[in-house]
Amino acid sequence: MLLEVRDLHVEFRTRDGIARAVNGVSYGVDAGQTLAVLGESGSGKSVTAQAVMGILDMPPGRITGGEILFRGQDLLKLKEEERRKVRGAGMAMIFQDALSALNPVLSVGDQLGEMFVVHRGMSKKDARARAVELMERVRIPAAAERVRDYPHQFSGGMRQRIMIAMALALEPALVIADEPTTALDVTVQAQIMDLLAELQREYAMGLILITHDLGVVADVADQIAVMYAGRIVEQAPVHDLYKAPAHPYTRGLLDSIPRLDHKGQELYAIKGLPPNLMDIPPGCAFNPRCPMARDVCRTDEPPLYEVSEERASACHFWRECLHDLDH
Amino acid sequence: MPEQSDGVIAGTGMGGGMDLAASEAETLEKVPGGPLGTGPAGKPRSLWSDAWHDLRRNPVFLVSSLVILFLVVISLWPSLITSGSPLQCELAKSQQGSQPGAPFGYDGQGCNVYTRTVYGARTSVTVGVCATLGVTILGSVLGGLAGYYGGVWDSVLSRITDVFFAIPVVLGGLVLLSVVTSNTVWPVIGFMVLLGWPQISRIARGSVITSKQNDYVQAARALGASDSRILLRHIAPNAVAPVIVVATIALGTYISLEATLSYLGVGLKPPSVSWGIDISAASPYIRNAPHALLWPSGALAITVLAFIMLGDAVRDALDPKLR
Amino acid sequence: MTSTTEPILEVSGLVKHYPLTRGILFKKQVGTVKAVDGVDFTLGRGETLGIVGESGCGKSTLAKMLCNLEKPTAGSIRFKGEDITRLSGKALKAVRRNIQMVFQDPYTSLNPRMTVGDIIGEPYEIHPEAAPKGDRRRRVQELLDVVGLNPEYVNRYPHQFSGGQRQRIGIARGLALRPEVIVADEPVSALDVSVQAQVINLLDRLQAEFELSYLVIAHDLSIVRHISDRVGVMYLGRIVEIGRDAEIYDHPTHPYTQALLSAVPVPDPDAREHRERIILTGDVPSPTNIPSGCRFRTRCWKAQERCAREVPALAVPSRFRSTAGPAAHDSACHFAEEKQVVPAEEHGNGPG
């Protein structure tokens, strides 16, 4: 495994109490593999990624347990200095909002080149040449001329390409993309996802794609981890999950996608709202919204049951869920 | 852009906080169609009552407002804590130190420093409060209207404020106030309003422009609401917070400006009582009678600090980013 | 192509240009942003018309003009035959009662200083004739109930609610005056996935209950398809293709529509191998500098010389005019041809 997160716990101290944002998350990704982490806001999917990257704001955040193994080495035990080295060369992150993730007062060439100056000790001139090369690699037209431009002079799609170029500059083994296309239009989203998939193949890197979009996931993921209230509720290869979800939350999400044969009818809607992280319901966190919930769900927190060799589900009744296709 | 709340950007310092903000708000959701979920009991909390709730727990606020309360009380009823008159001076007691009946000693003219310091508060508070009121009313009306209507008037007003910002305050005071013969606080207050309103008007204008862009203003307009309703009901309550903060801090600076002008001899003049006059009168004797300088300066510094701290505390409480 | 029912809203030749100026006191016009540049459509009574397009295509400006939040530069908007762009004063206020808007962002569309009761009751204060004073509180509570919120919440403030609940409050405010037309600008895009379906169902239910006509603007094509009877596709300030939902989704004839549809990720991992995707090159041109002729030609793979010369009209393309098939709908392309881009297994379901 390139990256393995084991039983990670993260909480946030706020003035109203302690919010348990991540409650025992484990997942792994291999080189050349794409893991999609699917969840709504507050599911803890971004917080987990920030903990992996070491960019979690602490305080108010606090990692209260677990391990993050990168090539077998526990990142949480490293000193900040060593951690920084891993972060630059070993793993990189792509953010949703490229405009605020790029420095507005530096030209894109300077920002891309800085990576090589800092991490590779290159001269400014060589770094600039590499910056142009990278911009060509992410297919920015007229890269040699645009390298002097500032982030605001690029369109949203082009800025996201620059973000990708920055993430790939040092050829990291792992890239975490946090909602990389949410802010973009569909046609641009298609361009960016295509580019990302192609570069991933080329560099054989591990990719963690954090998203709420079931369409994007189906297009690019190999493995899926569905998160809810800070836990993974289902883990499966992409084809299996879409064919037959083994958790009622996943099934609810899939059912609420508008489909042609349901036109004119009421959409299936998961009732209620995601729980307050300061007050997660006892038992299964999904039980107040679950159509299948029974008494045991309100008292016993379901473990991650092994459904098959490759899949797991945190539902006491995963068998029913799996087989009861037309509820 | 769905799910903005989960799109956390590193380096912006938001961390997981945004996730929490989203989930915090969700405590009250009920199951649609079904019976009510149990929301937290208690009465509705407006943003103002939330701010007040925060303020009451803030020690900076408590200390500064106690100081200010004390100042207001003694400027209304100075005889509560002193029996003498600030104008009753005996040259014989000139520069004498602390003694019974005169804990702060006597100044060069033989006036009781304690009594004069107490009476000086009245001038400072009057000038501070009146100047701030004038500045705030004039500035927010002009700035607010310019921000709301925009166009030519906005451009003209912006240029005028630029011109006013270019005038050095103390120099302006020396020039304008030296021709005034009246020895009351009003010319000083008038001068401060004249030079101070552009500061507030700029804040009010910016804040109105920001609130104007909110969708709820559009919504009111789509309903056919009149301009006055939109301004008073929707924009003013949301735009007023930064004005209050700046005005509170400005109050402190007006008090120190009055002292400065009086020190320079163009503000109030004896026989008026003002900390600035006392500081000015005491400075030649700084070696022999430092106490005569120390007490009015100390009172001035504490007063100004109290207002600035109050402004800071109010800003923290009203900061929408913390909500 | 017009609606099948009696038209309630007729838009023709609608244009909104914003001057680009430079200078502080003496402004000089240096250009024009052509946000909406000639839009025609009709909305039938009880119908839902979806408008899709990418950011900057002018769909939000269009919505604002329909709700009289922006004055059009040219063109007309007829509500039941009366041109509302020329109205002012009392007549305008009366018309506003009939066209209401639901906003995208539930966090900025409710005044944080007002209670929910005041927010939903404000329409009655602005239009006192709509409800007698003593009756208003009851009506507000009724509206809360209609949108699925507890009527006892009237005294709470918006920040005590979640995004989905706030959107319901916004919808209740829009319904207060019993409008006939609701313009919804991205009504669910700011909400969580699992909450989106709830709000869509609510809109659907209210349409039947209050006999509303909807104009729904969105970028999510699958949601638009679910709720719309007809769909218009906008590009750079114009509608490039409009028709019944099945005509647009299953038989698109404009290359932009085809590219847009093919770019939508399909929630079916089996489809990814045999799905043809049209990846457009480049970005949308700036609305200050719209290409000559067909505005899509700079990104179109079919563009020829004629496209730069001649502006294609929004009409049934000549090659389909004689047929009665689903391809015979308005499409502004010189070289319109049918192309199926939505996965094949779903085709049987579309009404041919």
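Over residues 5-254 of chain A, helix makes up 42% of the chain and strand 27%, and the C-alpha atoms at the two ends of this stretch lie 26 Å apart. The stretch is the one that UniProt, in an unreviewed entry, lists as "domain: ABC transporter". The model described here is a predicted one, a point worth keeping in mind throughout.

Taken as a whole, chain A has 13 helices and 12 strands. Its radius of gyration is 21 Å, close to the 20 Å that the globule rule gives for 327 residues, so chain A is as compact as a globular protein of that length. Along the principal axes, the C-alpha atoms of chain A fill a box of roughly 65 × 50 × 40 Å. Of the 327 residues in the chain, 53% count as buried. Among the contacts in chain A with a separation of 6 or more, 64% are accounted for by residues 24 or more positions apart.

The next level of organisation is the domain. Chain A is divided into domain 1, spanning 3-227, and domain 2, spanning 244-323. Measuring over C-alpha atoms is the basis for the separation of their centres, which is 29 Å. The contact between the two takes 10 residues from domain 1 of chain A and 10 residues from domain 2 of chain A. On the domain 1 side, strand S2 of chain A (residues 17-29) gives the most, with five residues. By class, this side of domain 1 has five nonpolar, two polar and three charged residues.

Chain A also touches a neighbouring chain. The contact between chain A and chain C takes 37 residues from chain A and 36 residues from chain C. Four helices of chain A each supply at least two residues of the side that touches chain C: H8 (186-203), H9 (214-220), H10 (238-243) and H11 (248-255). Which of the elements provides the largest share of that side of chain A? The answer is H8(A), with six residues. Sorted by class, the residues on the side of chain A that touches chain C divide into 18 nonpolar, 11 polar and eight charged.

In short, the predicted chain A joins two domains, 3-227 and 244-323, and it meets chain C through a side to which helix H8 of chain A gives the largest share.

How values were computed:
Residues are numbered from 1 along each chain as its sequence is written. Chains are lettered from A and ligands numbered from 1 in the order in which they are written. This is a predicted model: local features need pLDDT of at least 70, side-chain atom pairs count only at pLDDT 80 or more; totals for chains, interfaces and linings use all residues. UniProt positions are given in the numbering used here, feature names are shortened, and annotations may be inferred rather than shown by experiment. Two residues are in contact if their C-beta atoms, placed from the backbone, lie within 7 Å. Ala, Val, Leu, Ile, Met, Phe, Trp, Tyr, Cys and Pro count as nonpolar, Asp, Glu, Lys and Arg as charged, and the others, Gly among them, as polar. The radius of gyration is taken over C-alpha atoms; the globule rule is 2.2 Å times the number of residues to the power 0.38. A residue is buried if 20 or more other C-beta atoms lie within 10 Å of its own, exposed if 12 or fewer, and partly exposed in between; C-beta atoms are placed from the backbone. Domain bounds come from an automatic or database domain assignment.
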